[in-house]
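Please look through the following structure together with this briefing, which goes topic by topic and is written for a reader in the first year of study.

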Amino acid sequence: MGNEFLAEVQCMLDYDFNNAQLLKQAFIRKSFSQEHPGVYNNEVLEFYGDKALEFIVMKKLADYYGRQTQNGKYSSDKTEGQLTEIKKQLVGRTMLAHRIDVLGLSEYLIMGKGDEEQDVSKQEAVKEDLFEAIVGAVAIDCQWDAEVIEDVVDCMLDIEHYLEKGFTDKE
């Protein structure tokens, strides 16, 4: 993965990494790091990205469906159950894998020989991991600046598109 690709991904995310090595690490699967001791993989970034993504999606749902009432209370156009279902649709494996396909990023995964032979880059779970690892890399790089993370998630996930058009309209 060269500097040109890293620059292209940063442009796609509309975010310039202070440490582009974090972005590169987001693309490195554990299988590769096992074959190349000393190379860090994306698992921890994926863990952090999962939590950052969920936070941003929850914030977006609150902003989109909720409002403060005149008496200072909070009201939502959706019930807890409806919000839970929408959140599951947005952060679920199928959606994150779909968005990685839309962005064309899975082909750049850095994998070990076994993963390459099994062509795991086409698996939804692997694409989901990549999505979350990229978000995690951004979160670490920007020191958890919620506005920055939200902007990147907006670029990657296009939440409002799905909130407005539904989940059957996959772009």
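In this predicted model, Lys60 has a relative accessible area of 9%, and because the cut-off for a buried residue is under 20%, Lys60 counts as buried. Lys60 is also a member of a network of salt bridges, in which Lys59, Lys60, Asp63, Glu150, Asp154 and Glu160 are linked. The points below begin with this residue and its partners, and then move on to other pairs, the core, the surface and the loops.

**Salt bridges around Lys60**

- Side chains of opposite charge can pair when their charged atoms come close.
- Lys60 forms a salt bridge with Glu150, and the closest N and O atoms of this pair are 3.5 Å apart. The pair links distant parts of the chain, since Lys60 belongs to helix 4 (residues 43-65) and Glu150 to helix 9 (residues 146-157), with their positions 90 residues apart in the numbering.
- Lys60 and Glu150 are both buried.
- Lys60 forms a salt bridge with Glu160 as well, where the closest N and O atoms lie 3.6 Å apart. Here too distant parts of the chain are linked, with Lys60 in helix 4 and Glu160 in helix 10 (residues 159-165), 100 residues apart.
- Is Glu160 buried or exposed? With a relative accessibility of 39%, Glu160 falls between the limits of 20% and 50%, and therefore it counts as partly exposed.

**Another salt bridge between helices**

- The structure holds 13 salt bridges in total, and one of them joins Asp101 to Lys127, whose closest N and O atoms are 2.7 Å apart.
- Asp101 lies in helix 6 (residues 93-103) and Lys127 in helix 8 (residues 124-141), so this salt bridge ties together parts that are 26 residues apart in sequence.
- Asp101 is partly exposed, with a relative accessible area of 40%, whereas Lys127 is buried, with a relative accessible area of 9%.

**The nonpolar core**

- In soluble globular proteins, nonpolar side chains tend to be buried together.
- The largest nonpolar core of this model has 46 residues, and those with the most contacts inside it are Phe27, Leu105, Ile134, Ile149 and Leu157.
- Several helices each supply at least two residues of this core, among them helix 1 (3-13), helix 2 (20-26), helix 5 (80-91) and helix 6.
- Which helix provides the largest share of this core? The largest share comes from helix 8, which provides nine residues.

**Patches on the surface**

- A nonpolar surface patch of about 470 Å² is made by Val44, Phe47, Tyr48, Ile140 and Trp144. Helix 4 gives the most to this nonpolar patch, with three residues, and Phe47 lies in helix 4.
- A negative surface patch is formed by Asp14, Asp16, Asp145, Glu147 and Asp151.
- Within the negative patch, Glu147 is found in helix 9, and because its relative accessible area of 61% is over the limit of 50%, Glu147 counts as exposed.
- Asp14, another member of the negative patch, is placed in the loop between helix 1 and helix 2, and with 65% relative accessibility it counts as exposed.

**Two residues with a positive phi**

- Most residues other than glycine have a negative phi.
- Gln143 has a positive phi of about 60 degrees although it is not a glycine, and Trp144 likewise has a positive phi of about 60 degrees without being a glycine.
- Where are Gln143 and Trp144 found? Gln143 is found in the loop between helix 8 and helix 9, and Trp144 is found in that loop between helix 8 and helix 9 as well.
- Gln143 is exposed, with a relative accessible area of 70%, while Trp144, at 43% relative accessibility, counts as partly exposed.

**Distances along the chain and in space**

- Gln34 is found in helix 3 (residues 30-35) and is exposed, with a relative accessible area of 57%.
- The C-alpha atoms of Gln34 and Met111 are separated by 9.8 Å, and these two residues are 77 residues apart along the chain.
- Asp14 and Glu107 are 93 residues apart in sequence, and from C-alpha to C-alpha they are 20 Å apart in space.

Notes
Residues are numbered from 1 along each chain as its sequence is written. This is a predicted model: local features need pLDDT of at least 70, side-chain atom pairs count only at pLDDT 80 or more; totals for chains, interfaces and linings use all residues. Side-chain values use heavy atoms; hydrogens and water are left out. A salt bridge is a side-chain nitrogen of Lys or Arg within 4 Å of a carboxyl oxygen of Asp or Glu. Helices (H or I, at least four residues) and strands (E, at least two) are DSSP runs, numbered from the N terminus. Buried means under 20% relative accessible area, exposed over 50%, partly exposed in between (1.4 Å probe, protein chains only). Patches are made of residues with over 30% relative accessible area and no salt bridge: like charges are joined within 9 Å, nonpolar side chains (Val, Leu, Ile, Met, Phe, Trp, Tyr) within 5 Å. Accessible areas come from the Shrake-Rupley method with a 1.4 Å probe; for residues, only the protein chains shown count as cover. Lys and Arg count as positive and Asp and Glu as negative; His and the chain ends are not counted. The place of a charge is taken as NZ of Lys, CZ of Arg, CG of Asp or CD of Glu. A nonpolar core is a set of buried Ala, Val, Leu, Ile, Met, Phe, Trp, Tyr and Cys residues joined through side-chain atoms within 4.5 Å.
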